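Here is a protein model to go through by question and answer. Look at the sequence and the fold, then read on.

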Amino acid sequence: MSRTEAKRRAKVGTAHPRHLIAVLLALVTAMTATACTTADDRPSIVVTTNILGDVTRAIVGDEADVTVLMKPNADPHSFGLSAVQAAELEQADLVVYNGLGLEENVLRHVDAARESGVATFAAGEAADPLTFHTADDGGGGPEGEEGQPDPHFWTDPDRMHKVTGLIADQVIEHVKSVDPDTIRVNADRYAKQLTELTSWMHKSFGRVPADQRALVTNHHVFGYLADRFGFEVIGAVIPSGTTLASPSSSDLRSLTQAMEKAAVRTVFADSSQPKRLAEVLRTEMGGGVRVVELHSESLTAKGAGADTYLRMMRANTTAMVNGLTGV
């Protein structure tokens with residue numbers, strides 16, 4: 001082989017790898033740009049509480065990204081946001097939140113997102129909210145909050161049924177790239193499951209005799225359930241609609257008297273809160289008080305028994321029936 005031919009081949013051999021690297025770099029850059037564009041174009045829905053987050057995900061399916069801000073087993077009255085989460089609110093296509101004062105440390109961020117032009121939907125305000133009532137008018141409600149709307153609407157699955165349709169409406173209206181037909185099909189499927197849940201709860205609570213339908217809870221959270229299924233809330237360890245309040249000695253004394261009068265020996269305490277207050281009540285009544293844990297305001301981690309709204313409601317119903325009937 002001549003020297004000229006050897007040089008020519010050497011040039012080709014050395015140039016080829018550089019050319020290949022350049023081509024590969026161009027391809028990677030193009031793929032990255034495409035991926036970023038796709039990610040940026042992906043619609044985003046942010047939900048404050050994990051209960052509403054679970055329902056929203058059932059409605060949305062794969063049509064959009066759904067980010068839930070509240071972690072499992074958290075307290076909706078006290079959880080807060082990181083700077084990143086606060087920014088996510090203002091970048092969303094739609095924010096779904098409970099409202100009615102529930103997310104006490106998050107509402108200002110929701111307000112900021114709304115002021116920046118983000119569509120927001122307050123599910124509690126659209127769920128025909130009940131109001132807290134005082135014990136004097138038979139409602140056993142929190143002092144200082146009588147007449148104020150109760151944010152705990154999800155304990156009534158019929159109200160959640162209504163909210164399901166309204167969330168679907170909001171998604172279709174404000175998240176432009178979703179397929180409306182898919183959203184409707186998902187919402188209708190979930191609504192059917194809620195109808196079945198309501199029927200099952202009516203049948204389950206039918207096992208509780210009329211003279212055992214008095215409820216005492218850690219704080220006032222089951223007004224909607226009581227209204228739907230025929231119970232009476234005679235009081236709460238924390239005489240408020242929020243876990244951030246504290247009971248006084250006179251509050252505990254009044255509740256103890258109400259429990260003695262109604263022959264109630266079971267207290268239902270939310271699993272996301274320490275049972276210390278319920279244990280105090282047990283001491284006040286001289287023992288013999290049964291404390292039953294419920295998942296009333298937060299879903300659990302996956303696989304822990306109440307990781308979806310439907311499973312939470314079934315678990316709570318079973319625990320309440322067993323607690324009230326002494327099983």
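Q: Which residues have the most contacts inside the largest nonpolar core?
A: This is a predicted model, where local features need pLDDT of at least 70, side-chain atom pairs count only at pLDDT 80 or more, and totals for chains, interfaces and linings use all residues. Residues are numbered from 1 along each chain as its sequence is written, and side-chain values use heavy atoms, with hydrogens and water left out. A nonpolar core is a set of buried Ala, Val, Leu, Ile, Met, Phe, Trp, Tyr and Cys residues joined through side-chain atoms within 4.5 Å, where buried means under 20% relative accessible area, exposed over 50% and partly exposed in between (1.4 Å probe, protein chains only). The largest such core holds 57 residues, and those with the most contacts inside it are Ile45 and Tyr309.

Q: Which element gives the largest share of this core?
A: Helices (H or I, at least four residues) and strands (E, at least two) are DSSP runs, numbered from the N terminus. The protein has 10 helices and 8 strands. The largest share of the core, 8 residues, comes from α10.

Q: How many residues does the other core have?
A: It lies apart from the largest one. Met70, Ala92, Val95 and Val110 are among its members. Its size is 15 residues.

Q: What percentage of contacts between residues at least 6 apart in sequence join residues at least 24 apart?
A: Contact means heavy atoms within 4.5 Å. Ile45 offers an example of such pairing: leaving aside neighbours within four places in sequence, its contacts include Thr56, Leu94 and Val175. For the protein, the share joining residues at least 24 apart is 64%.

Q: Why is α2 called oblique to α6?
A: Axes are lines fitted to C-alpha atoms, for helices over the stretch in contact, and angles run from 0 to 180 degrees between N-to-C directions. Angles under 35 degrees count as roughly parallel, over 145 as roughly antiparallel, 65 to 115 as roughly perpendicular and the rest as oblique. The axes of α2 (residues 50-60) and α6 (residues 180-205) come within 7 Å and cross at roughly 130°. That crossing makes the pair oblique.

Q: How do the residues of the contact of α2 with α6 divide?
A: Asp54, Val55, Ala58, Ile59 and Val60 in α2 meet Ile183, Asn186, Ala187 and Tyr190 in α6. Ala, Val, Leu, Ile, Met, Phe, Trp, Tyr, Cys and Pro count as nonpolar, Asp, Glu, Lys and Arg as charged, and the others, Gly among them, as polar. The result is 7 nonpolar, 1 polar and 1 charged.

Q: Which side chain does that of Asn186 join in a polar contact of 3.1 Å?
A: Asn186 is found in α6 and is buried, at 11% relative accessible area. A polar contact is a pair of N or O atoms within 3.5 Å; within protein, one must be able to donate a hydrogen and the other to accept it, and residues adjacent in sequence count only if both atoms are side-chain atoms. The partner is Arg189.

Q: What is the orientation of α5 to α6?
A: Helix α5 (residues 157-174) packs on α6 at about 175°, with axes 9 Å apart. The contact residues divide into 13 nonpolar, 5 polar and 3 charged. The orientation is roughly antiparallel.

Q: Is Asp307 buried or exposed?
A: Asp307 sits in the loop between β8 (290-294) and α10 (309-325). Its side chain makes a polar contact with that of Arg311 at 2.6 Å, and one of its polar atoms lies 2.8 Å from the backbone nitrogen of Gly303. With a relative accessible area of 17%, Asp307 is buried.
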